[in-house]
Amino acid sequence: MSTADDLDLSSLADDDLVEQMHDDLYDGLADEVAEGVNILLSRGWTPNDVLNKALVAGMGIVGVDFRDGILFVPEVLMSAKAMKAGMAILRPLLVETGAPRIGKVLIGTVKGDIHDIGKNLVAMMLEGGGFEVVDIGINVSADDFMTALDEHRPDILGMSALLTTTMPYMKVVIDTLKQKGRRDDYIVLVGGAPLNEAFAESVGADAYCRDAAVAVETAKAMISARRQHAVPAG
Ligand code: B1M
């Protein structure tokens, strides 16, 4: 199914609409994806369900065909743009929280890597989970991480990598922290599709986060454990 100009998305039942949104994401149709998001929200879908069932699942289909050489970079860039159009609508809904901030997270995608959809999603969910988030973008060098850590003094450093060729750079950043005697100043969380727990351990991170929800849970648990173990001053 591909979106014809005269297809009225609002006439589709939920399942068909979600399927159509997967197709529209695949075809890089940002306006249609945004419209689909708004329709699902107006039908009472939670922002989380729209995100996971319509957008993230759709991006998974794009990923498979990219891997298999059916889609190429320009097409996937269009899909990424459409994904971001949908995420932009969900963002204010996912991050709204009246609760006091429970900690600060600085997050970036490591040097050599420009994938940012997953990182942006993690940043959004952390904000929704009550964290202040400083997102320093993509292709971030160890020096830039150090400068940003000095400037923002977060509790948690989060790093993202989507390529097997860039994930080892996380060790460069962590080793730089160690050389400066600052490794223990931060909880270091890492994530990205090619990573796993063993990798996180091997580079000296505190934890691997499989997805955005796990990132929020892990960040909360680790902040609370660190605060419990902190020796009171005086
Ligand atoms: Co790229 N790409 N890409 N790509 N791309 C992958 C990653 C790939 C798996 C596709 C494939 O072959 N199947 C493959 C990597 C293979 C490998 O290394 N083993 C690949 C490749 C090869 C490339 C290029 C080299 C292609 C080329 O040029 N020939 C090139 C590299 C560019 C570079 O970075 N230097 C490239 C380029 C691109 C685009 C620019 C076209 C585009 C990125 C656009 C953008 O991000 N703005 C793109 C995309 C979109 C993808 C796929 C299709 C989708 C990634 C995505 O957004 N997923 C991807 C295929 C795939 O992953 N299945 C692919 C959705 C997102 C919600 O999931 O990012 O996994 P994810 O994030 C999750 C978790 O991983 C976790 O939580 C997130 C939310 O639940 N998480 C964290 C992520 N970061 C975290 C940080 C944390 C915690 C959790 O910190 C605490």
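How many helices and strands does the secondary structure of the protein chain come to? In this predicted model, the count is 9 helices and 5 strands. The legends below begin with the whole chain and then turn to single sites.

**Figure 1. Overview of the protein chain in the predicted model.** Followed along the sequence, the elements are arranged in the pattern α-α-α-α-β-α-β-α-β-α-β-α-β-α. The C-alpha trace spans about 70 × 40 × 30 Å along its principal axes. The radius of gyration is 19 Å, which agrees with the value near 17 Å that a compact globule of 234 residues would have. Of these 234 residues, 47% count as buried. Among contacts with a separation of 6 or more, 70% are made by residues 24 or more positions apart.

**Figure 2. Surface and charges of the protein chain.** About 11,700 Å² of the protein chain is exposed, and carbon and sulfur atoms supply 54% of this area. The chain carries 20 positive and 36 negative charges. The mean positions of the two groups of charges lie 12 Å apart.

**Figure 3. The cobalt atom of the ligand and its donor from the protein, His115.** The protein offers the cobalt atom a single donor, atom NE2 of His115, at a distance of 2.2 Å. His115 is located in the loop that runs between strand E1 (103-109) and helix H5 (117-128). Leu163 is one of the residues to examine in this view, for His115 is among its contacts outside its neighbours within four places in sequence.

**Figure 4. Leu163 and its partners from other parts of the sequence.** Leu163 occupies the loop between strand E3 (156-160) and helix H7 (169-179). Is Leu163 buried or partly exposed? Leu163 counts as partly exposed because its relative accessibility is 30%. When neighbours within four places in sequence are set aside, the contacts of Leu163 are Gly112, Asp113, His115 and Pro194. Gly192 is 29 residues from Leu163 along the chain, yet their C-alpha atoms are separated by 8.2 Å.

**Figure 5. Helix H6 (residues 142-152) and what covers its buried residues.** The buried residues of H6 are Ala142, Phe145, Met146, Ala148 and Leu149. An α-helix has 3.6 residues a turn, so residues three or four places apart point the same way. The cover over the buried residues of H6 includes E1, E3 and H7.

**Figure 6. Two residues with positive phi, Asn139 and Arg153.** Most residues other than glycine have a negative phi. Asn139 is not a glycine, yet its phi is positive, at about 55°. This residue, Asn139, belongs to the loop between strand E2 (131-135) and H6. With a relative accessibility of 42%, Asn139 counts as partly exposed. Arg153 comes just after H6 and has a positive phi of about 45°. Arg153 sits in the loop between H6 and E3. Its relative accessibility of 64% is why Arg153 counts as exposed.

**Figure 7. Leu71, a buried residue in a loop.** Leu71 is placed in the loop between helix H3 (47-67) and H4. Leu71 has a relative accessible area of 5% and is therefore buried, the limit being under 20%. Beyond its neighbours within four places in sequence, Leu71 is in contact with Tyr26, Val62, Asp65, Phe66 and Val76. Gly28 is 43 residues from Leu71 in sequence, while the two C-alpha atoms are 11 Å apart in space.

**Figure 8. Ala54, a buried residue of helix H3.** Ala54 forms part of helix H3. Ala54 is buried because its relative accessible area is 0%. Which residues touch Ala54, leaving aside its neighbours within four places in sequence? They are Val18, Met21, His22, Leu25, Leu40 and Asp49. The C-alpha atoms of Ala54 and Gly86 are 9.4 Å apart in space, although 32 residues separate the two in sequence.

**Figure 9. Ala85 in helix H4 (residues 73-95).** Ala85 has a relative accessible area of 23% and so is partly exposed. Asp113 follows at a separation of 28 residues in sequence, and the C-alpha atoms of Ala85 and Asp113 are 21 Å apart.

Terms used: Residues are numbered from 1 along each chain as its sequence is written. This is a predicted model: local features need pLDDT of at least 70, side-chain atom pairs count only at pLDDT 80 or more; totals for chains, interfaces and linings use all residues. Side-chain values use heavy atoms; hydrogens and water are left out. Donors are N, O and S atoms within 2.8 Å of the metal (3.2 Å for Na, K and Ca); water is not among the atoms, so sites may look incomplete. Helices (H or I, at least four residues) and strands (E, at least two) are DSSP runs, numbered from the N terminus. The radius of gyration is taken over C-alpha atoms; the globule rule is 2.2 Å times the number of residues to the power 0.38. Buried means under 20% relative accessible area, exposed over 50%, partly exposed in between (1.4 Å probe, protein chains only). Contact means heavy atoms within 4.5 Å. Accessible areas come from the Shrake-Rupley method with a 1.4 Å probe; for residues, only the protein chains shown count as cover. Lys and Arg count as positive and Asp and Glu as negative; His and the chain ends are not counted. The place of a charge is taken as NZ of Lys, CZ of Arg, CG of Asp or CD of Glu.
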